[in-house]
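Okay, thanks everyone, let me pull this one up on the screen. I'll walk through a few spots, and please stop me if something is unclear.

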Amino acid sequence: MKKLLFAIVLLAFITRGGLDRAEIENLSLRLIVGIDLDDDGNLVFSASNPIFDKESKIKEEEFVTRADTLWDSRAKSDRTFMGLAVSGKIQEFLIGKRVMEHANWFRLMDPLFREPKNSVRARMIMVDGPVEDVIRHKPEDKPRLPLYLTKLIDTAHRKNVTVRTMLLDFWNQDVEKGKTASVTELRKESRLMITGTALLDEKGKYRLSIGPEETMLLRMLQNERKGEFSFTFHALFEPDQPTITSDAYSFSIDKFSVKTKTGYADDRFRFHITIKMRATLGERLFPLDMPRETVKLQQDMAEQFEDRFGDLIRKIQQAQIDPIGLGLHARAREYRHWKQVQDHWGEALSTADIHVTVKVSIVNKGLID
Amino acid sequence: MFTLPGKLADHAGTDGWICIVLDWLLVCLSGWIMLLTLRKYPSLTLPELLEQLFGRWLGKLLMLLPIGYFMLIGWFNLATTSIYIKNWFLPKTPPCVILFLLAVPGYMIVRQGPSIHGRFCELVFYMSIFMILLPIMPLAQGHWLHLLPVVKEGWRPILDGAVHTLNAFAGIEIILLYYPSLQKKRYALHGLLAANTITLIIYLYVTIICFIYFSPDGIARLDQPLLILMKNVGFRFLERLDSLALAAYLLVIFTALAPAAYSATFTLSRLLGMPDHRRIAAWYFSAIVATGLIVQPTWKMSLWWEQRIVNAVLVLLPFVPIALYVYVWGMEQVRKRRPG
């Protein structure tokens with residue numbers, strides 16, 4: 001009994017610890033971290049933290065500072081924040097477009113992977129414009145900014161109008177030779193707007209922006225089948241009407257499958273992508289004898305899809321990037337040829353022969369003809 | 001287990017999973033040969049067996065080998081675990097405190113006999129099997145294309161990877177000590193194969209998940225791919241799956257630690273002619289805590305010793321069972337030739 005008591009007291013004494021104890025009131029949880037360049041080309045870091053205090057009227061604090069690195073900026077922020085700044089709960093990274101226009105900017109993120117306590121689940125966002133404006137934005141009709149941004153991106157991602165790239169996903173896309181990274185693109189006008197997706201090249205340098213509809217097409221090419229895909233097309237077989245468009249129809253894609261055939265001939269890669277879709281018609285503003293002329297509409301959809309996929313792929317090839325991940329197919333199927341070009345895959349892809357075939361079947365036309 | 005996928009990728013790229021299968025084959029063979037020898041002396045413990053085979057003095061001298069090996073394994077397990085805990089949970093706590101906290105339950109298990117160890121391992125198996133579900137979400141997000149083409153650079157890197165990760169399968173050598181305590185010796189081989197196959201399945205599962213989730217160009221840069229992968233799994237109610245998994249995994253580490261520490265202390269106590277291994281075990285764990293006080297365990301040290309263990313295992317698993325078997329067989333032949 002005495003021995004046991006002694007053991008318990010000893011254990012309690014040794015483990016009273018306190019060294020690693022952190023109380024949440026004494027921490028400043030950085031929920032948003034921004035990185036931007038000022039006009040003189042200095043790195044500017046900003047952070048937004050929630051305040052857990054009854055007496056403060058504003059429930060978040062922001063801090064903007066010049067610093068050399070992320071770690072440095074965190075150390076500097078301790079001079080003004082009430083609590084110790086920690087990076088374990090970062091929800092969003094706002095990266096200025098000016099930063100992304102430099103190669104290898106992603107190396108700034110090093111501490112987030114090095115320290116085990118840091119979160120790798122922050123959403124990566126490119127801001128078209130000054131990052132500081134976004135961080136200081138306080139809309140009155142919205143919840144606090146970190147929550148608002150999180151919701152905004154998650155919803156947009158579900159609608160597939162932008163990609164949602166977590167920090168670890170970004171790392172994965174960055175090191176992958178057969179795929180280039182893509183992140184959410186955000187702009188602040190009078191309110192925050194998601195403008196689509198920013199595409200980066202092999203070195204992480206910003207190359208190209210695509211809009212919401214092109215993002216949906218990109219997601220389909222990437223074979224990412226989650227979320228919703230809805231489109232509005234203008235029927236090619238109907239005459240153009242400029243004021244009230246009566247040649248328009250809309251539909252959503254319930255299900256689709258992507259098959260990629262990879263080959264190599266005449267010193268270039270060849271990809272034949274076949275996409276089969278099942279569509280549900282949402283609206284149709286022109287008369288059509290539906291059961292009989294369904295095929296006509298299906299063909300119209302397929303034709304327009306092929307055009308749009310073709311345009312997107314041409315853009316991507318011109319920019320010498322591969323956000324689709326065709327490089328993965330090239331490596332898996334044509335390993336020997338892939339090995340020769342793996343370090344400049346974007347260039348190799350730009351000369352590749354990529355062909356997309358689309359087959360649409362309308363499985364549901366709705367309640368009226 | 002946490003570092004295994006990274007190491008495999010480092011040597012053999014995404015063909016690393018083949019290395020695991022090769023290792024499994026080798027370990028099963030090696031265990032089978034060990035059992036063939038042990039079957040001839042079903043009731044002798046390792047110290048007795050060595051004395052029986054090699055005579056009193058040579059036997060005692062040879063005992064130093066398993067003592068050193070198992071002591072190293074036990075210490076290495078504890079020290080590496082303390083590094084993990086320090087890194088992931090308690091960065092400011094001194095390592096000797098962590099070592100002490102690990103040594104207490106370690107001693108409590110080791111002081112018991114083999115049957116308690118068996119029960120403990122069984123319990124931990126059922127308690128920790130749920131963990132196999134944790135990385136299931138990334139499995140759905142992975143790109144199976146990463147695994148193609150199979151055998152992309154020929155067999156050399158695969159063999160190389162198999163050699164360097166053989167220590168992941170080490171542990172079957174404890175049958176040298178636990179065999180006499182088995183109640184149903186007929187099923188020893190079945191148990192051995194089953195245990196190895198479970199290990200194989202779990203390793204394959206973990207490795208393939210990491211391989212299809214992480215880009216093949218980057219995975220070798222990660223120290224603990226599995227933990228980082230689990231960092232990216234989040235629920236609304238739980239953000240840090242990795243910490244939870246690592247904490248739960250501590251139990252599994254004890255199932256490797258306990259038999260090794262028991263093997264070392266038991267053999268040492270017999271060498272010194274003591275009837276009981278408990279006192280030695282207490283000294284052993286105290287010594288581990290004390291070394292933590294003097295030399296702080298570091299990654300570099302851990303890696304250096306791991307390389308030594310890899311070398312030891314490379315001799316132990318393929319060659320020692322065969323040498324032992326050939327020796328025993330030779331002795332029998334000699335005896336047959338000069339029957340009284």
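Strand β8 of chain A, residues 182-188, is mostly covered, with five of its seven residues buried. Buried here means 20 or more other C-beta atoms within 10 Å of a residue's own, while 12 or fewer is exposed and in between is partly exposed, with C-beta atoms placed from the backbone. Strands are DSSP runs of E, at least two residues, and helices are runs of H or I, at least four, numbered from the N terminus.

Quick housekeeping: this is a predicted model, so local features need pLDDT of at least 70 and side-chain atom pairs count only at pLDDT 80 or more, whereas totals for chains, interfaces and linings use all residues. Residues are numbered from 1 along each chain as its sequence is written, and chains are lettered from A and ligands numbered from 1 in the order in which they are written.

Back to β8(A) and its partners. Two strands pair if DSSP finds at least two bridges between them. Strand β7 of chain A, residues 123-127, runs parallel to β8(A), joined by three bridges, and A:M126 has A:E185 as its bridge partner. With strand β9 of chain A, residues 192-200, β8(A) pairs in the antiparallel sense over seven bridges; there A:T184 is matched with A:T197. Those two strands, β8(A) and β9(A), make a hairpin with three residues between them.

Next, A:V33, which sits in strand β2 of chain A, residues 32-37. Is A:V33 buried or exposed? A:V33 is buried, since 26 other C-beta atoms lie within 10 Å. Skipping neighbours within four places in sequence, A:V33 contacts A:A47, A:I90 and A:F93, where contact means backbone-placed C-beta atoms within 7 Å. And here's a fun one: A:K2 is 31 residues from A:V33 along the chain, and their C-alpha atoms are separated by 54 Å.

Over to chain B. Helices α12 (residues 241-271) and α13 (residues 278-294) of chain B pack at about 125°, axes 9 Å apart. Axes are lines fitted to C-alpha atoms, for helices over the stretch in contact, and angles run from 0 to 180 degrees between N-to-C directions. So α12(B) and α13(B) are oblique to each other; under 35 degrees would be roughly parallel, over 145 roughly antiparallel, 65 to 115 roughly perpendicular, and the rest is oblique. The α12(B) side of the contact is B:A261, B:A264, B:T265, B:L268 and B:S269, and α13(B) brings B:I280, B:A281 and B:Y284.

Notes: Contact = placed C-beta atoms within 7 Å.
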